[in-house]
Amino acid sequence: MDLGSVIGMVLIFALLGSAMMMGVGIGPYIDIPSVLITIGGSVSALLVSFKLEQMKNLFKYLGVAFKPPKYDVPALVKKLVDYATQARRDGILSLEQTANQEENDFLRKGLSMAVDGAEPDTIRELLEIDMEQTLGRHKANAGIFDTWAALGGAFGMIGTLIGLVAMLMNMSDPSTIGPAMAVALITTFYGALLGNVVGAPIASILLIRAGDEALVKQLIIEGIMSIQAGDNPRTLEAKLLAFLPPTQRISQFE
């Protein structure tokens with residue numbers, strides 16, 4: 001689990017809940033009509049805005065936000081350098097069995113094309129298409145939560161207008177003013193929560209996750225191209241270490 005994301009989300013609800021309890025308690029903030037308008041309405045609008053296949057995987061995307069795939073980039077650099085060393089020593093065909101056993105699908109695909117003797121431009125083009133399409137899908141998935149944030153605020157405002165209309169039409173009956181005003185205010189509250197606690201933060205972290213994966217794939221592409229070109233392993237390592245923060249740039253040749 002990404003502790004930063006989990007702790008941040010828990011803190012948000014803990015702080016908001018504590019503030020409510022110090023005031024009038026949680027109960028007054030629970031309003032079923034407001035839930036139907038804000039959450040029900042925004043989710044329904046999402047069904048119109050995105051493909052059903054994307055919406056089916058909504059909870060999967062939430063899982064990626066809080067439990068992202070782990071990339072041991074220093075270990076990946078070492079692996080690529082070892083492959084380059086083997087290729088220079090025994091020839092690139094010696095990597096055929098290694099390529100078949102590689103667990104990383106993207107790296108296996110690139111190694112296999114290099115071993116099969118594909119043209120360098122072809123390998124780079126195909127791998128970059130794969131990377132760009134994957135990044136595009138991830139950005140589209142993050143866009144669901146970004147859109148949800150906007151829709152949450154919009155439906156919160158719609159709920160406010162509904163509540164105000166109901167209140168103004170029944171000014172002669174004081175007993176209806178309170179419930180109508182509650183719907184008017186609480187829908188805005190729910191919309192703000194949906195947009196600023198769920199939608200925008202999760203969209204932001206999903207884009208970061210997508211960037212992390214794209215960085216790893218770009219590193220692999222550069223590694224594959226250098227291996228095929230027969231570059232010196234030290235040169236390859238220096239190139240790949242440039243993808244890492246300075247604190248993680250540890251050479252295996254030192």
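The second largest pocket in this predicted model has a volume of about 300 Å³. Thirteen residues might sound like a lot to keep track of, so here are the ones to look for: of the 13 that line this pocket, Tyr61, Val64, His138, Asn141 and Glu213 are the closest to its centre. Which helices do the lining residues come from? At least two residues each are supplied by α4 (58-66), α8 (120-169) and α9. Helix α9 has the largest share, with four residues. Sort the lining of the second largest pocket by class and you get seven nonpolar, three polar and three charged residues.

Now for the largest pocket. About 370 Å³ of space lies inside it. Its lining is made of 16 residues, and the ones nearest the centre are Tyr71, Asn104, Asp105, Val216 and Ile220. Three elements give two or more residues to this lining: α5 (73-90), α7 (105-115) and α9 (174-229). Once again α9 shows up, giving the most to the lining of the largest pocket with four residues. How many charged residues does the lining of the largest pocket have? There are nine, along with six nonpolar residues and one polar residue.

Here are the two pockets side by side.

| Pocket | Volume | Lining residues | Nonpolar / polar / charged |
|---|---|---|---|
| Largest pocket | about 370 Å³ | 16 residues | six / one / nine residues |
| Second largest pocket | about 300 Å³ | 13 residues | seven / three / three residues |

Let's zoom in on Val216, which is one of the residues nearest the centre of the largest pocket. Val216 sits in helix α9. Is Val216 buried or exposed? Its relative accessibility is 8%, so Val216 counts as buried, since the cut-off for buried is under 20%. What does Val216 touch, if you leave out residues up to four places away in sequence? The answer is Tyr71, Val73 and Leu76. Tyr71 should ring a bell, as Tyr71 is also among the residues nearest the centre of the largest pocket. Val216 also shows how the fold brings distant parts of the sequence into the same picture: Met131 is 85 residues apart from Val216 along the chain, and their C-alpha atoms are separated by 9.7 Å.

Pro33 is another residue to find on your screen. Look for Pro33 in helix α2 (residues 32-49). Pro33 has a relative accessible area of 39%, so it is partly exposed. How far apart are Pro33 and Ile186, in sequence and in space? In sequence they are 153 residues apart, while C-alpha to C-alpha they are 9.5 Å apart in space.

Asn57 makes a nice contrast to look at. Asn57 lies in a loop, the one between α3 (52-56) and α4. With a relative accessible area of 31%, Asn57 is partly exposed. Along the chain, Asn57 and Ala75 are 18 residues apart, yet 31 Å separates their C-alpha atoms.

Time to step back to the whole protein chain. What is the chain built from? It has ten helices and zero strands. Its C-alpha atoms fill a box of roughly 90 × 35 × 25 Å along the principal axes. The radius of gyration is 26 Å, whereas a compact globule of 254 residues would have one near 18 Å.

How much of the chain is tucked away? Of its 254 residues, 38% count as buried. The chain exposes about 14,100 Å², and 64% of that is supplied by carbon and sulfur atoms. Finally, consider contacts between residues at least 6 apart in sequence: 74% of them join residues at least 24 apart.

How values were computed
Residues are numbered from 1 along each chain as its sequence is written. This is a predicted model: local features need pLDDT of at least 70, side-chain atom pairs count only at pLDDT 80 or more; totals for chains, interfaces and linings use all residues. Side-chain values use heavy atoms; hydrogens and water are left out. On a 1 Å grid over the protein atoms alone, a cavity is a set of points where a 1.4 Å probe fits but cannot get out, and a pocket is an open set with protein on both sides within 12 Å along at least five of seven lines; lining residues have an atom within 4 Å of a point. Grid points are joined across faces, edges and corners, and a volume is the space filled by probe spheres set on the points. Ala, Val, Leu, Ile, Met, Phe, Trp, Tyr, Cys and Pro count as nonpolar, Asp, Glu, Lys and Arg as charged, and the others, Gly among them, as polar. The radius of gyration is taken over C-alpha atoms; the globule rule is 2.2 Å times the number of residues to the power 0.38. Buried means under 20% relative accessible area, exposed over 50%, partly exposed in between (1.4 Å probe, protein chains only). Contact means heavy atoms within 4.5 Å. Accessible areas come from the Shrake-Rupley method with a 1.4 Å probe; for residues, only the protein chains shown count as cover.
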